Amino acid sequence: QDEETQHSLECIQANQIFPRKQLIREDENLQVPFIELHGESTEYVGRAEDAIIALSNYRLHIKFKESVVNVPLQLIESVECRDIFQLHLTCKDCKVIRCQFSTFEQCQDWLKRLNNAIRPPSKIEDLFSFAYHAWCMEVYASEKEQHGDLCRPGEHVTSRFKNEVERMGFDMNNAWRISNINEKYKLCGSYPQEIIVPAWITDKELESVASFRSWKRIPAVVYRHQSNGAVISRCGQPEVSWWGWRNADDEHLVQSVAKACASDSRSNSNKLMNGNCSRDFSNGGDLSDVEFDSSLSNASGAESLAIQPQKLLILDARSYAAAVANRAKGGGCECPEYYPNCEVVFMGMANIHSIRKSFQSLRLLCTQMPDPGNWLSALESTKWLQHLSMLLKSALLVVHAVDRDQRPVLVHCSDGWDRTPQIVALAKLLLDPYYRTTEGFQVLVETEWLDFGHKFADRCGHGENSDDLNERCPVFLQWLDCVHQLQRQFPCSFEFNEAFLVKLVQHTYSCLFGTFLCNNAKERGEKHTQERTCSVWSLLRAANKAFKNLLYSSQSESVLYPVCHVRNLMLWSAVYLPCSSPSTPADDTCAPYPVPGSSPEDQPLGRLPKTRSFDNLTTACDSSVPTTNRRSSDPSLNEKWQEHRRSLELSSLGNPGDDPFDGDSLSKQGRAPVGAELSVAAGVAEGQMENILQEATKDDVGLEEHLRGGLETVGKGDEIALDKKRTENLHG
């Protein structure tokens, strides 16, 4: 009752807590050039050279003659004056915006305004997500409508821990238990309140282990292979220091993880051991490319039955040199002599400072005008794709250990909140098709990134007084880039499309939603962000057709084994490369609440603005629009496709009461049967699609490359379009 009263009080006082600011116009005839969100108030409207520029408490909006820039303020990293009359805005997602003014004085005025607007908040309530939520609640409360659920994540997110324990089939009777030692975050402020540990490990032992692990981040189990019972654990580095400290409880806990896997009742029968087949890198050296390829090719199915626990793999994301150097700062790595039946592999992944430097080089390259002639060599020099390759290799090594060798894995870096979630979350994505669904991906992000304390506020720069640039790094963006690489290699394995990832990149920084605020769950609980802000999953929900991958088939590969070499990776042009017009998110059309003067039907959630490939991607996916309007660039492929589509429509009739498949263009008479796993448009299964493509490409040598580009285009999000010249060439 008290919470409801407090909530009602906040709604009533929204206009007092977040009052609208007085609009200042440089010209009395100027009007605000966009529809404001709830709680948004425009402060300045003026004229730039050939453009109208407006600044609100949420966004910078620049309306040119033929294009529009619409960027959230927190997405802007820096603003500087160039060439006297030009403002140069650098964004955190790699975009660069340029705006020309007529006079030096006007340029300086806007420079001061923008620098004040993008400064890190002195208190978290200064971020727009709080005003947005408060005004939304007030507006809909006054209309006596129940819209509170619109800004909340689903039950699959709020009850994720319990659901995941049941779904993965942990044996909670004999092998594992849920420890509440971190209740109210009394042990570790950056860990969840409930963690899974071996059943015989006591809380007293966990306290001892916490004193030996960096930031008290003890080994915690986060994933169980449902077929063989092998688990993935994560933690911080051991605090060995130059003194070579040991901790008997820590050594016992690590060995107990392997023993718990062996005693897991669900995986005990026919348990296989592959210790002789897996390569051992416990000599302390880093894993080279040759050794990596060899380890994967030599690993095979188990050859002998065993009763002893499998050899646990400790994957240290750092290089051996970096791990040893950390001993000078009180850290270090596990000594194999003290951890029997364990091997340690050092992956040699770069730290946040190297990743930040690489990203800055990439941004500089991608925003050069005109397009540099040495593009490929310059791209290589940024080392961005090399870093992605190393991350993918690390995750794939975990997948091979768990899925093929049936071995438990313990992953850590230095503190365990940057490279560790990258590796663990990517490995889980490869291992488990559930995480490749929209709901499962939400659970994955909430669990591995938010619950286990990735420092979003520091890394993104939107925390209270987060002025330290050395703490900023696009760690989460780098991981999303790897997910995008997987989407390209496995286009039928993900329920969500590329637009989903692009929008997630934008809202990682935008602060329209409260999902990625603060550095850990403890801080978010203290600031009550869940009650006072909207969740990004209210936008990126499974029912939003704009983010549905029409190629998705749940019958695709269960475990993904991607190619990790640099030559197989592609630059994420949808995020990093500018379009022909200035490109930024159109967030006025991507909020969980409709804007004033419109209805939800008129303005669907998360709709995509116009692109050069389709008039409107959302319209193209709408069931009311025939898919025949959506033609492939290749006529022969389109003909074959439409023939199969019509035949499948006739064979996919279901019950009259069934809801049509979102994004389908089924005939009026035909509906997809409930539970039918369909892929593109009318539901072509993966095997059928493969046959179609093979038949349609017999006489077309260059179609493979075209298809790769076509698949990319279908999934692209806001203001991302296919290059016109490339399209014309394909038609030719």
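These are short exercises with worked solutions on a predicted model.

**Exercise 1. Overall make-up**

Task: State how many helices and strands the chain has, and what share of its residues is buried.

Solution.
- Step 1: Count the elements. The chain has 27 helices and 17 strands.
- Step 2: Take the burial. Of the 732 residues, 57% are buried.
- Step 3: Look at contact range. Take the contacts with a separation of 6 or more; residues 24 or more positions apart account for 70% of them.

**Exercise 2. A salt bridge between Glu40 and Arg59**

Task: Find the N to O distance for Glu40 and Arg59, place both residues, and decide whether each is buried or exposed.

Solution.
- Step 1: Check the distance. The closest N and O atoms of Glu40 and Arg59 are 2.8 Å apart. The cut-off for a salt bridge is 4 Å, so the pair qualifies.
- Step 2: Place the partners. Glu40 sits in the loop between β1 (24-25) and β2 (42-48), and Arg59 in strand β4 (residues 59-64). They are 19 residues apart, and the pair links distant parts of the chain.
- Step 3: Test burial. Buried means under 20% relative accessible area. Glu40 has 0%, so it is buried. Arg59 has 1%, so Arg59 is buried as well.

**Exercise 3. Two further salt bridges and a network**

Task: Treat Arg167 with Asp432, then Arg213 with Glu334, and name the residues of one salt-bridge network.

Solution.
- Step 1: Start with Arg167 and Asp432. Their closest N and O atoms are 2.9 Å apart.
- Step 2: Locate this pair. Arg167 is in helix α6 (residues 160-168), and Asp432 is in the loop between α15 (419-431) and α16 (438-451). The two are 265 residues apart in sequence, so the salt bridge ties together parts that far apart.
- Step 3: Assess the burial of this pair. Arg167 has a relative accessible area of 23%, so it is partly exposed. Asp432 has 5%, so Asp432 is buried.
- Step 4: Turn to Arg213 and Glu334. Their side chains form a salt bridge at 2.9 Å, N to O. Arg213 lies in the loop between α7 (203-210) and β11 (220-224). Glu334 lies in the loop between α11 (320-325) and β16 (342-346), 121 residues from Arg213. Both residues are buried.
- Step 5: Name the network. Shared partners join Asp418, Lys455, Asp458, Arg459 and Glu471 through salt bridges.
- Step 6: Set these in context. The structure holds 27 salt bridges.

**Exercise 4. An open sheet**

Task: Give the strand order of the 5-strand open sheet, identify its edges, and find the helix that packs on the sheet.

Solution.
- Step 1: Write the order. The sheet runs β1-β2-β3-β4-β5, with mixed pairing.
- Step 2: Find the edges. β1 and β5 (68-72) each have a single partner strand, so one side of each lacks a neighbour in the sheet.
- Step 3: Inspect one pairing. β1 and β2 run parallel and are joined by 2 bridges. Arg25 stands opposite Val45 in β2.
- Step 4: Add the helix. Helix α3 (residues 104-117) packs on the sheet and touches β2, β3 (51-56) and β4. The direction of α3 makes about 30° with that of β3.

**Exercise 5. Cys413**

Task: Say what UniProt lists for Cys413, then describe the surroundings of this residue.

Solution.
- Step 1: Read the record. An unreviewed UniProt entry lists Cys413 under "active site".
- Step 2: Place the residue. Cys413 is in the loop between β17 (409-412) and α15.
- Step 3: Test burial. The relative accessible area of Cys413 is 3%, so the residue is buried.
- Step 4: List contacts beyond four places in sequence. Cys413 touches Gln237, Asp316, Ala317, Arg318, Arg419 and Thr420.

**Exercise 6. Thr533 and Trp537 in one loop**

Task: Locate Thr533 and Trp537, and describe the burial and contacts of each.

Solution.
- Step 1: Locate them. Thr533 is in the loop between α21 (529-532) and α22 (573-576). Trp537 is in the loop between α21 and α22.
- Step 2: Test burial. Thr533 has 1% relative accessible area, so it is buried. Trp537 has 3%, so Trp537 is buried too.
- Step 3: Examine Thr533. A polar atom of its side chain lies 2.5 Å from the backbone oxygen of Thr529. Beyond four places in sequence, Thr533 contacts residues including Ser129, His133, Cys151 and Gly514.
- Step 4: Examine Trp537. Beyond four places in sequence, its contacts include Pro153, Gln442, Phe500 and Thr515. Trp537 and Phe513 are 24 residues apart in sequence, with 9.1 Å from C-alpha to C-alpha.

Technical notes
Residues numbered from 1 in each chain as written. Predicted model: local features only at pLDDT ≥ 70, side-chain atom pairs only at ≥ 80, totals over all residues. Heavy atoms only, no water. Helix = DSSP H or I, 4+ residues; strand = E, 2+ residues; numbered from the N terminus. Buried < 20%, exposed > 50% of the residue type's maximum accessible area, 1.4 Å probe, protein only. Pairing = 2+ DSSP bridges. Contact = heavy atoms within 4.5 Å. Axes fitted to C-alpha atoms, helices over the stretch in contact; angles between N-to-C directions. Polar contact = N/O pair within 3.5 Å; in protein donor to acceptor, adjacent residues only side chain to side chain. UniProt positions renumbered as here; feature names shortened; annotations may be inferred.
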